[in-house]
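Subject: Structure handover

Hello,

Here is the structure for you to look over. My notes follow below it.

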Amino acid sequence: MLKNNVVDTLAERHGQYGHYTYVSKTSQLLKRTIRESPNYKTMPAYMNESLDMICNKLARILCGNYFLRDSWLDIEGYAKLVTDELDKLDNLNAEKVSELSD
């Protein structure tokens, strides 16, 4: 039963995201490009991970159903995770400034 579920899931994903070998090649090319940029190695892990995941989502869009809303929402979500962390840093910095002025 589990095997059929996996086979069914893979068939469904193939229909939505495109052929896995094309998606993986496109994703790896995108990731290679961003990893060669000057800032990638100095960025925090959460930014690197979001960029990696966004590359995967872009590859799915480029190789599969580009009208699939979930793929676009996933990109938005990974970007939001980074901005949430940046908001936390902004709040910490604001607290430090406030403490210094007291």
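Start with Cys-55. Cys-55 counts as buried, at 5% relative accessibility. Keep in mind that this is a predicted model.

**Cysteines**

How many disulfides does the structure hold? Zero. A disulfide is a covalent bond between the sulfur atoms of two cysteines. The cut-off for the sulfur pair is 2.5 Å. For Cys-55, the closest cysteine sulfur is in Cys-63, and the distance is 13 Å, so the two are too far apart for a bond. The view from Cys-63 gives the matching result: its closest cysteine sulfur is in Cys-55, 13 Å away, too far for a bond. Cys-63 is partly exposed, with a relative accessible area of 25%, whereas Cys-55 is buried.

**H2 against H3**

Both cysteines take part in the contact of H3 with H2. Helix H2 covers residues 20-35 and helix H3 covers residues 45-63. Their axes are 8 Å apart. The packing angle is about 140°. Are the two helices parallel or oblique to each other? They are oblique, because the roughly antiparallel class takes angles over 145 degrees. H2 passes H3 in a right-handed crossing.

Which residues meet there?

- From H2: Tyr-22, Val-23, Thr-26, Ser-27, Leu-30, Lys-31, Ile-34 and Arg-35.
- From H3: Leu-51, Asp-52, Cys-55, Asn-56, Leu-58, Ala-59, Arg-60, Leu-62 and Cys-63.

By type, the residues of this contact divide into 10 nonpolar, three polar and four charged.

**Leu-58 and Leu-62**

Two leucines from that H3 list have further entries. Leu-58 is in helix H3. Leu-58 counts as partly exposed, at 30% relative accessibility. Setting aside neighbours within four places in sequence, Leu-58 is in contact with Leu-30 and Ile-75. Leu-30 is on the H2 side of the contact. Ile-75 is 17 residues from Leu-58 along the chain, and their C-alpha atoms are separated by 7.9 Å.

Leu-62 also sits in helix H3. Is Leu-62 buried or exposed? Leu-62 is exposed, with a relative accessible area of 61%. Along the chain, Leu-62 and Tyr-78 are 16 residues apart. Their C-alpha atoms are separated by 18 Å.

**Asn-48**

Asn-48 is another residue of helix H3. Its relative accessible area is 13%, so Asn-48 is buried. What does Asn-48 touch, leaving aside neighbours within four places in sequence? Asn-48 is in contact with Tyr-40 and Met-43.

**Leu-29**

Back to helix H2, where Leu-29 has its place. Leu-29 is partly exposed, and its relative accessible area is 43%. Leu-29 and Lys-57 are 28 residues apart in sequence. In space they are 13 Å apart, C-alpha to C-alpha.

**Gly-64**

Where is Gly-64? Gly-64 lies in the loop between H3 and helix H4 (69-101). Its relative accessible area is 21%, so Gly-64 counts as partly exposed; buried would need a value under 20%. Not counting residues up to four places away in sequence, Gly-64 touches Gln-16, Tyr-17 and Gly-18. Gly-64 and Arg-13 are 51 residues apart in sequence. C-alpha to C-alpha, Gly-64 and Arg-13 are 9.2 Å apart in space.

**Recap**

- H2 and H3 are oblique to each other, with a right-handed crossing.
- The structure holds zero disulfides.
- Cys-55 and Asn-48 are both buried.
- Leu-62 is exposed.
- Gly-64, in the loop between H3 and H4, touches Gln-16, Tyr-17 and Gly-18.

Best wishes

Key
Residues are numbered from 1 along each chain as its sequence is written. This is a predicted model: local features need pLDDT of at least 70, side-chain atom pairs count only at pLDDT 80 or more; totals for chains, interfaces and linings use all residues. Side-chain values use heavy atoms; hydrogens and water are left out. Axes are lines fitted to C-alpha atoms, for helices over the stretch in contact, and angles run from 0 to 180 degrees between N-to-C directions. Helices (H or I, at least four residues) and strands (E, at least two) are DSSP runs, numbered from the N terminus. Angles under 35 degrees count as roughly parallel, over 145 as roughly antiparallel, 65 to 115 as roughly perpendicular and the rest as oblique. A crossing is left-handed if the near helix is turned anticlockwise from the far one by less than a right angle, and right-handed if clockwise. Contact means heavy atoms within 4.5 Å. Ala, Val, Leu, Ile, Met, Phe, Trp, Tyr, Cys and Pro count as nonpolar, Asp, Glu, Lys and Arg as charged, and the others, Gly among them, as polar. Buried means under 20% relative accessible area, exposed over 50%, partly exposed in between (1.4 Å probe, protein chains only).
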